[in-house]
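Me: I should like to learn how to read the features of a model such as this one. Please take me through them, with the general idea before each case.

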Amino acid sequence: MGTDISGFIEYRASGDEQEPTWYGAHAFGPLNDYVRNYDAFGCLFGVRNYANFRPLAAGRGFPPDASAALSARFARLAEWYGEDGFHGTTWITWAEVEAVDWDEPAEKPDSRLHEYRQTPSGLRMTGKSSWSPQFAEAVGLERGDVREWPEGAEWFIGDTLYRSVTIRRRDAVTATGEWRPVWEAMKGLAEQHGDDNVRLVVWFDD
């Protein structure tokens, strides 16, 4: 079963003689086209963190000062699916996103071996594998065995190259990928309200 992400972008602003209040701005899903990207989930929020990043904003929970729009949506979800229907709820501000070193590598190599095939134009990556019967038989792994392979280790088995790779944050959350519209929406709000006054609240379901 796969894991999907949902969320909401909020901004904080002062009303007439009122304390600053959070307001709902954008639903997350249409901005990132509902893409399921485990590398991004792990890099940002520590969910499905197979790539072994130091998560930027994991396990913060639902913000107690959430906007009325988000609070109402979350209450409906809890009513429909129960509190066990989603997990990993957390949030990150635009100020934190702006401060990210996108060249920072994961803390250790990806727990999935990267697979490549030889083509006329060179090696082409075809996927990542947490379990490959072909690889397991070649190196003597039993199903359920968990091993950490050193960075750069590689095996050519049949027509497939298996390689242990440590990826960077920018590999997980690419500059032109599905997160770009999310960052652009947050940046636009931050230009009006300030970097610390814009945040993305997310949660996950399996």
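Me: Is Asn52 buried or exposed?

Reply: Burial is judged by relative accessible area: buried means under 20%, exposed over 50%, and partly exposed in between, with a 1.4 Å probe and protein chains only. Asn52 counts as buried because its relative accessibility is 17%. Asn52 sits in the loop between H2 and H3, where helices (H or I, at least four residues) and strands (E, at least two) are DSSP runs numbered from the N terminus. Its phi is near 70 degrees, a positive value in a residue other than glycine.

Me: On what footing do these values stand?

Reply: This is a predicted model, in which local features need pLDDT of at least 70 and side-chain atom pairs count only at pLDDT 80 or more, while totals for chains, interfaces and linings use all residues. Residues are numbered from 1 along each chain as its sequence is written, and side-chain values use heavy atoms, with hydrogens and water left out.

Me: Which other residue in the loop between H2 and helix H3 (68-81) deserves a look at its phi?

Reply: Arg48 lies in that loop, and its phi is near 55 degrees, a positive value in a residue other than glycine. Arg48 is partly exposed because its relative accessible area is 24%. H2 itself is followed by Gly46, with a positive phi near 75 degrees.

Me: How many residues of H2 are buried?

Reply: In H2, 8 of the 8 residues are buried, so the helix is largely enclosed by the rest of the structure. The general idea concerns helix geometry: an α-helix has 3.6 residues a turn, so residues three or four places apart point the same way. In H2 the buried residues are Tyr38, Asp39, Ala40, Phe41, Gly42, Cys43, Leu44 and Phe45. They pack against E1, strand E3 (87-93), strand E5 (122-129), helix H6 (169-172), H7 and E8.

Me: What is found at the start of H2?

Reply: The notion to apply is the polar contact: a pair of N or O atoms within 3.5 Å, where within protein one must be able to donate a hydrogen and the other to accept it, and residues adjacent in sequence count only if both atoms are side-chain atoms. Here a side-chain oxygen of Asn37 comes to within 3.1 Å of the backbone nitrogen of Asp39. Asn37 belongs to the loop between helix H1 (28-32) and H2, and counts as buried because its relative accessibility is 18%. Beyond four places in sequence, Asn37 touches Ala172 and Glu178, contact meaning heavy atoms within 4.5 Å.

Me: Which residues have the most contacts inside the largest nonpolar core?

Reply: A nonpolar core is a set of buried Ala, Val, Leu, Ile, Met, Phe, Trp, Tyr and Cys residues joined through side-chain atoms within 4.5 Å. The largest one has 36 residues, and those with the most contacts inside it are Phe45, Val173, Trp179, Trp183 and Leu200. The elements that give two or more residues to this core are strand E1 (4-13), helix H2 (38-45), helix H4 (94-98), helix H7 (180-193) and E8. A second, separate core has 8 residues, including Phe8, Ala66, Leu70 and Phe86.

Me: What does Phe45 touch, leaving aside its neighbours within four places in sequence?

Reply: Among its contacts are Ile5, Pro55, Ile92, Trp179, Leu200 and Phe204.

Me: Where is Asp206 found, and which side chains make polar contacts with it?

Reply: Asp206 is in the segment after strand E8 (198-205), and it counts as partly exposed because its relative accessibility is 47%. Its side chain makes polar contacts with the side chain of Thr3 at 2.5 Å and with that of His87 at 3.2 Å. Leaving aside neighbours within four places in sequence, Asp206 is in contact with Met1, Gly2, Thr3, Arg48 and His87.

Me: How should Ser132 be read, as buried or exposed?

Reply: Ser132 counts as buried because its relative accessibility is 11%. Ser132 is in the loop between E5 and helix H5 (133-139), and touches Glu115 and Tyr162, not counting residues up to four places away in sequence.

Me: What can be said of the chain as a whole?

Reply: The chain has 7 helices and 8 strands, and buried residues make up 41% of its 206 residues. Of the contacts with a separation of 6 or more, 67% come from residues 24 or more positions apart. The C-alpha atoms fill a box of roughly 70 × 35 × 25 Å, taken along the principal axes.
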